[in-house]
Amino acid sequence: MSVFYAALSALCYGAADYAGGRATRQSPVFAVLVFSQTAGLIGIVVAALLAPASQIVLRDLLLGAAAGAAGVAGLSLLYRALATT
């Protein structure tokens, strides 16, 4: 079952990267990032609300925010590169 989930995850990431690159050819990178990251934020907020409060630690939230910021920076560079080629 884990192989199936791994393949499904790779398919979703690949499709999202392709769609994001195509979208940045017609729209500004910032607009594409705002739309895509808002969709991801909704999923994270729902998951956080379902998690027990005792498992959420401030350090984890700060590390998650730093990782999210780095991810957005990398994604913006990827989309910009895909839009120019």
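**Figure 1. Tyr5 within helix α1 of the predicted model.** Y5 lies in helix α1, which spans residues 2-23. This view, like those that follow, is drawn from a predicted model. Y5 has a relative accessible area of 49% and is therefore classed as partly exposed, since the exposed class requires a value over 50% and the buried class one under 20%.

**Figure 2. The aromatic pair formed by F4 and Y5.** One aromatic pair is present in the structure. The pair consists of F4 and Y5, whose ring centres are 5.7 Å apart and whose planes enclose an angle of 55 degrees. The arrangement is tilted, because planes under 30 degrees apart would count as stacked and those over 60 degrees as edge-to-face. A pair of aromatic rings is described by the distance of the centres and the angle of the planes.

**Figure 3. A nonpolar surface patch that includes both aromatic residues of the pair.** M1, F4, Y5, L8 and L11 make up a nonpolar patch on the surface. Together, these five residues offer about 600 Å² of accessible area. The relative accessibility of Y5, 49%, meets the requirement for patch membership, because a patch residue must have over 30% relative accessible area.

**Figure 4. The surroundings of L75 in helix α3.** L75 is located in helix α3, formed by residues 58-84. With a relative accessible area of 18%, L75 is buried, because the limit for that class is under 20%. When residues up to four places away in sequence are left out, L75 touches D17, L33 and Q37. One of these contacts, Q37, is 38 residues from L75 along the chain, and the C-alpha atoms of Q37 and L75 are separated by 9.9 Å.

**Figure 5. The protein chain as the setting for the close-up views.** The secondary structure comprises three helices and zero strands, in the order α-α-α from the N terminus. Along the principal axes, the C-alpha atoms fill a box of roughly 45 × 30 × 15 Å. The radius of gyration is 15 Å, whereas a compact globule of 85 residues would have a value near 12 Å. Buried residues account for 11% of the 85 residues in the chain. The accessible surface of the chain amounts to about 6600 Å², and carbon and sulfur atoms contribute 74% of that area.

Notes. Residues are numbered from 1 along each chain as its sequence is written. This is a predicted model: local features need pLDDT of at least 70, side-chain atom pairs count only at pLDDT 80 or more; totals for chains, interfaces and linings use all residues. Side-chain values use heavy atoms; hydrogens and water are left out. Patches are made of residues with over 30% relative accessible area and no salt bridge: like charges are joined within 9 Å, nonpolar side chains (Val, Leu, Ile, Met, Phe, Trp, Tyr) within 5 Å. Accessible areas come from the Shrake-Rupley method with a 1.4 Å probe; for residues, only the protein chains shown count as cover. A salt bridge is a side-chain nitrogen of Lys or Arg within 4 Å of a carboxyl oxygen of Asp or Glu. Helices (H or I, at least four residues) and strands (E, at least two) are DSSP runs, numbered from the N terminus. Buried means under 20% relative accessible area, exposed over 50%, partly exposed in between (1.4 Å probe, protein chains only). Rings of Phe, Tyr and Trp (its six-membered ring) pair if their centres lie within 6.5 Å; planes under 30 degrees apart count as stacked, over 60 as edge-to-face and the rest as tilted. Contact means heavy atoms within 4.5 Å. The radius of gyration is taken over C-alpha atoms; the globule rule is 2.2 Å times the number of residues to the power 0.38.
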